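Visitor: I would like to go through the strands and one helix of this model, one point at a time. Please show it first.

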Amino acid sequence: MLTRDQRSRVRQIGWIIGLCMLAVLPCRAQAAQAPPLPDPVRVSTGTSEEPRISGLLITWTDVTGFIGAGGGLRTAYCLMDPMTQVCPVQYVPETAGGQIHPDVDGQFIIWQREIGWKSNSPIFVYDTVRQQLWTLGDGILPRISGRRLVWARVVDAVTAQRDLFTCLFDPETGACPEEVVADSPDSQVLADLEQDLVVWFEPRGVSGGAVFYRDLGIPGSPIQDINSAGSPRLGPTASRAILQDGILERVLVWPTFFSDRQARDLHWCRVPGGEACFGEPLTNDEDLESGADLSGPFLVWMGSDDPKQGTVKLLDLRHADLPPIIVSTPDTDDAPLFQQDPAISGNRVVWKEGVISGNQPHRPLEIHYRVIPVQFLRGDADMDGKVNLTDAIFILQYLFQGGPVPPILDAADVNDDAKLDITDPIQLLQHLFLGGPPPAGPFPVAGLDLSPDPLN
Ligand SMILES: [Ca+2]
Ligand SMILES: [Ca+2]
Ligand SMILES: [Ca+2]
Ligand SMILES: [Ca+2]
């Protein structure tokens with residue numbers, strides 16, 4: 001028999017469980033329901049190609065007029081206002097000949113003059129803060145990460161064999177003393193880099209090739225081969241960072257290349273330590289997949305059963321069991337959309353889009369931009385999985401010293417007032433050291449911003 005006290009306790013517990021059920025069930029329903037995607041923003045009109053994004057800086061190649069003798073191709077860029085989603089188009093200074101293959105990191109935009117696939121061409125760097133233009137050595141397909149540059153150079157005009165070169169750019173003097181990354185009888189193409197890690201692809205035969213990387217941060221480091229027998233690959237199209245157990249690692253992503261010459265599944269590899277290279281593909285639905293780009297744990301790619309008419313998809317690798325988020329609208333009512341070349345920075349995605357007429361995209365192609373609401377931990381501005389002093393410093397450096405843009409702006413909005421200002425690092429510091437109130441939710445567990453506001 002229960003005493004009166006015990007019965008009262010049981011009733012209390014029953015009430016508490018009941019109230020919890022009432023409280024938890026709607027919460028669960030809310031958490032399971034993804035928030036609606038903000039509308040995509042059209043960044044460019046006209047004919048635009050090769051979008052890239054770093055922080056809030058978006059760059060692309062604009063076809064501004066008649067393409068002849070390299071004319072009419074200009075490197076355009078804009079700085080996105082995260083509150084108004086307005087991005088006024090600007091151009092880098094015009095250099096002789098058309099400007100193609102832009103890449104961007106931090107405040108720097110890099111591109112090459114359009115000469116031809118088999119010829120080297122001057123490479124340019126533009127400092128968008130100092131508004132200063134530098135001319136570097138000759139090459140093709142330049143890429144930038146931090147102050148590290150990498151590019152290919154044609155070393156045999158007859159066979160069009162290419163070697164890879166790198167340099168560390170000094171924005172004070174424009175100096176960039178070059179070193180060889182890889183020279184071999186094979187031609188190296190499609191180089192990309194993240195910090196000091198350079199990745200590239202060497203085509204072999206008609207239907208594939210091999211993926212290589214080298215860590216230039218370790219003096220004398222050897223070239224590593226992550227080719228796997230019987231599985232020829234195209235890529236890598238990306239070498240970006242991933243958070244794994246709170247540790248920043250780097251990951252290569254590349255599509256498999258089948259005999260029908262269509263990319264199929266996206267494979268991945270954590271480096272250094274290539275043991276994960278031969279595991280399950282990242283994506284393995286029925287779609288053809290290509291054009292992968294990574295930023296932190298976020299992967300974007302084109303998926304389609306028709307390579308001309310794809311859909312941009314985003315996967316949060318921290319929750320790789322969840323279905324990917326559809327970033328771009330797959331169709332219009334009357335005509336199918338051509339969507340390609342997605343690039344990502346934090347949760348900010350760009351891609352090019354046009355209408356398909358017959359088998360081909362109908363020009364113009366426009367650059368579209370969308371912020372994807374993703375799970376984040378408020379206060380974790382640098383997105384290393386922890387909230388500490390480093391995050392307050394990261395926000396202060398972004399606000400006042402031209403430091404990197406927080407990968408997810410909402411994570412830096414500590415007080416959740418949809419503005420990034422001095423009150424955010426102050427609240428964080430007060431919480432960390434003076435017992436002040438904690439950051440607004442989601443905290444201390446990562447989640448979505450359940451009080452929707454324009455800052456994402
Ligand atoms: Ca952090
Ligand atoms: Ca704020
Ligand atoms: Ca909010
Ligand atoms: Ca928000």
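Visitor: How many bridges join strand β3 to strand β4?
Guide: This is a predicted model. Strand β3 covers residues 57-63 and strand β4 covers residues 73-79. The two strands run antiparallel, and the number of bridges joining them is seven.

Visitor: Which residue of β4 is the bridge partner of W60?
Guide: W60 falls in β3, which spans residues 57-63. The partner has to be sought in β4, residues 73-79. There, the bridge partner of W60 is A76.

Visitor: Which are the edge strands of the open sheet with β2, β3, β4 and β5?
Guide: The sheet has four strands in the order β2-β3-β4-β5, with antiparallel pairing. An edge strand here pairs on one side only. That holds for β2 (47-54) and β5 (90-91).

Visitor: Is strand β10 mostly covered or mostly uncovered?
Guide: A residue counts as buried if 20 or more other C-beta atoms lie within 10 Å of its own. In β10, residues 148-156, seven of the nine residues are buried. The strand is therefore mostly covered.

Visitor: Which residue in the turn between β9 and β10 has a positive phi?
Guide: Strand β9, residues 132-145, runs antiparallel to β10 and is joined to it by four bridges. S145 has R148 as its bridge partner in β10. The two strands form a hairpin with two residues between them, and the turn residue with a positive phi, about 65°, is G146.

Visitor: What stands opposite R153 in β11?
Guide: β10 and β11, residues 161-168, pair in the antiparallel sense over eight bridges. They also form a hairpin with four residues between them, where A160 in the turn has a positive phi of about 60°. Opposite R153 in β11 stands D163.

Visitor: Within what arc do the buried residues of helix α4 fall?
Guide: The buried residues of α4, residues 423-434, are D424, P425, Q427 and L428. Seen down the helix axis, they line one face of α4, because they fall within an arc of 160°.

Visitor: Which residues on the other side of α4 are exposed?
Guide: The buried residues of α4 have cover that includes α2 (389-400) and α3 (409-412). A residue is exposed if 12 or fewer other C-beta atoms lie within 10 Å of its own. On the other side of α4, the exposed residues are F433 and L434.

Visitor: What is the phi of G435?
Guide: G435 follows α4. Its phi is positive, near 70°.

Technical notes: Residues are numbered from 1 along each chain as its sequence is written. Chains are lettered from A and ligands numbered from 1 in the order in which they are written. This is a predicted model: local features need pLDDT of at least 70, side-chain atom pairs count only at pLDDT 80 or more; totals for chains, interfaces and linings use all residues. Two strands pair if DSSP finds at least two bridges between them. The arc is that of the directions from the helix axis to the C-beta atoms. Two residues are in contact if their C-beta atoms, placed from the backbone, lie within 7 Å.
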